[in-house]
Amino acid sequence: MTDTSIAGLTSHFPETANTHAVINPTSAKRIYDLAQMSAEQVALEVDRARDAQADWASRAVFERANIMLKLHDLMLANKDKFLDLLQLETGKSRMHAVEEFAGSIGAIRYYAKISDKALSIKSAKTDVPFLIRSFVAQVPVGVVGVITPWNYPLALATMDVVPAIMAGNSVVQKADNQTTLVSLYARALAVEAGLPEDVWRIVVGEGAEVGNAVTDNVDYVAFTGSTATGRHVAQRAAGRLIGCSLELGGKNPAIVLASANMKRAAAIVAAGAFGNTGQLCVALARVYVPNELKAEFEAELVEVVESLKVGKSNDFEFDIGSLTSAAQLARVEKFVKDATDKGARVLTGGHSLPAIGPYFYQPTAITDIGDDVLMRCDEVFGPVVG
């Protein structure tokens, strides 16, 4: 079985004097020092992936699928190790780690099962039927760059890496410094399942250097992250005339109609707002309620929010875990202070929880949000709903 020690996983990277200290979010204690790669080293990794791509693309789709299905089974057999790594690197609760793991293995199995049909040659209509026959064939682009964030480091990696690999591409994944181990473990199991080592390479380092180097060398880039960085990736990809896909931020509304059951609506809003400690781009971040039902809905929302348990453990004792970094805590505190300074009212929460850990924050509901409040339109990316 693959070595799951930190040293065993990070041996994937070349030795370098430049390192980044990876911190456990629940304690702020250093876990290990992660090597930081240069743009030149990234280019070499892309070359390795490119050299492996043609042979991989020549393999039958069913052969690629069998490897991915074996990866699925290996991940299931090592579920607890994945959950431990997810909690170690992100600080999320055990249940939220389970949700991410389930999404990841579900995506792997899905793409392995549908790829044969999706990639098959299909006939197409022509302007001159019977005289001209036309077909559509799916052709791999070559090396796909996948830039993944820290909030869902396993699910958002596999959801891009696996379909790219199934389509006959090789992949160079730029993992976030904070959450590299879980991607390394998934890749190690993929190699154990039969994937050639150079078909999936992982690179790490500062985004400005390593992220740019990925975009500057690959044939297609899939990016998940902030809208600001997404604009930069799109411009850089456009300059090279390569394709890109961007999964960026959000400020998603819940609209509660007058006919709704307020207790059930409040429970749904809380579930959508505080999943992954609110650190997800599809969080329910803002809620619209008819004025005549506002007081009733707020009372129900406060009840469900205050029932949520915040803490740290590797079991299912707590509903909400830690924010992932000091920067995330500072961001949440900034948004809440801005709202209250401008007249918004905190219904419940509104404070950090240093007695539990350095980056823990109460699930928070805020009302009476004016037009000039930051959180009205901007993404908090934390356990706050308006």
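In this predicted model, three strands make up an open sheet ordered S12-S13-S14, with mixed pairing. Its edges are strand S12 (345-348) and strand S14 (384-385), each of which pairs on one side only. S13 and S14 run parallel and are joined by two bridges; Ala365, for instance, has Val385 in S14 as its bridge partner. Helix H11 packs on this sheet, where H11 touches S12, S13 and S14. The direction of H11 makes about 55 degrees with that of S12.

Some of these elements turn up again around a pocket. The second largest pocket has a volume of about 450 Å³, and 21 residues line it. Closest to the pocket centre are Val287, Tyr288, Thr367, Asp368 and Gly386. Three elements each give two or more residues to this lining: strand S11 (284-288), helix H11 (294-306) and strand S13 (364-367). H11 and S13 thus come up twice, in the pocket lining and in the packing of the helix on the sheet. As for chemistry, the pocket lining splits into twelve nonpolar, six charged and three polar residues.

There is also enclosed space to look at. The structure holds one cavity of 30 Å³ or more, and the largest cavity contains about 90 Å³ of space. Of the 15 residues lining the largest cavity, Gly278, Ala283, Ala285, Glu379 and Phe381 sit closest to its centre. One of these, Ala285, falls in the residue range of strand S11 (284-288), an element that also contributes to the lining of the second largest pocket. Nine of the cavity-lining residues are nonpolar, four are polar and two are charged.

Elsewhere in the chain, another open sheet has five strands. The order here is S7-S6-S5-S8-S9, and the pairing is parallel. Strand S7 (200-203) and strand S9 (243-247) are the edge strands, pairing on one side only. Ignoring direction, neighbouring strands in this five-stranded sheet are turned against each other by 15 degrees on average. Within the sheet, strand S5 (residues 143-147) pairs with strand S8 (residues 220-224) in the parallel sense, over four bridges. In that pairing, Gly145 has Val221 of S8 as its bridge partner.

This sheet has a helix lying across it as well. Helix H6 (residues 155-166) lies across S5, strand S6 (170-174), S7, S8 and S9. Relative to S6, H6 runs at about 160 degrees.

Stepping back to the whole chain, the protein has twelve helices and 14 strands. The radius of gyration is 23 Å, close to the 21 Å that the globule rule gives for 386 residues, so the protein is as compact as a globular protein of that length. Along the principal axes, the C-alpha trace spans about 65 × 60 × 40 Å.

Key: Residues are numbered from 1 along each chain as its sequence is written. This is a predicted model: local features need pLDDT of at least 70, side-chain atom pairs count only at pLDDT 80 or more; totals for chains, interfaces and linings use all residues. Side-chain values use heavy atoms; hydrogens and water are left out. On a 1 Å grid over the protein atoms alone, a cavity is a set of points where a 1.4 Å probe fits but cannot get out, and a pocket is an open set with protein on both sides within 12 Å along at least five of seven lines; lining residues have an atom within 4 Å of a point. Grid points are joined across faces, edges and corners, and a volume is the space filled by probe spheres set on the points. Ala, Val, Leu, Ile, Met, Phe, Trp, Tyr, Cys and Pro count as nonpolar, Asp, Glu, Lys and Arg as charged, and the others, Gly among them, as polar. Two strands pair if DSSP finds at least two bridges between them. Axes are lines fitted to C-alpha atoms, for helices over the stretch in contact, and angles run from 0 to 180 degrees between N-to-C directions. Contact means heavy atoms within 4.5 Å. The radius of gyration is taken over C-alpha atoms; the globule rule is 2.2 Å times the number of residues to the power 0.38.
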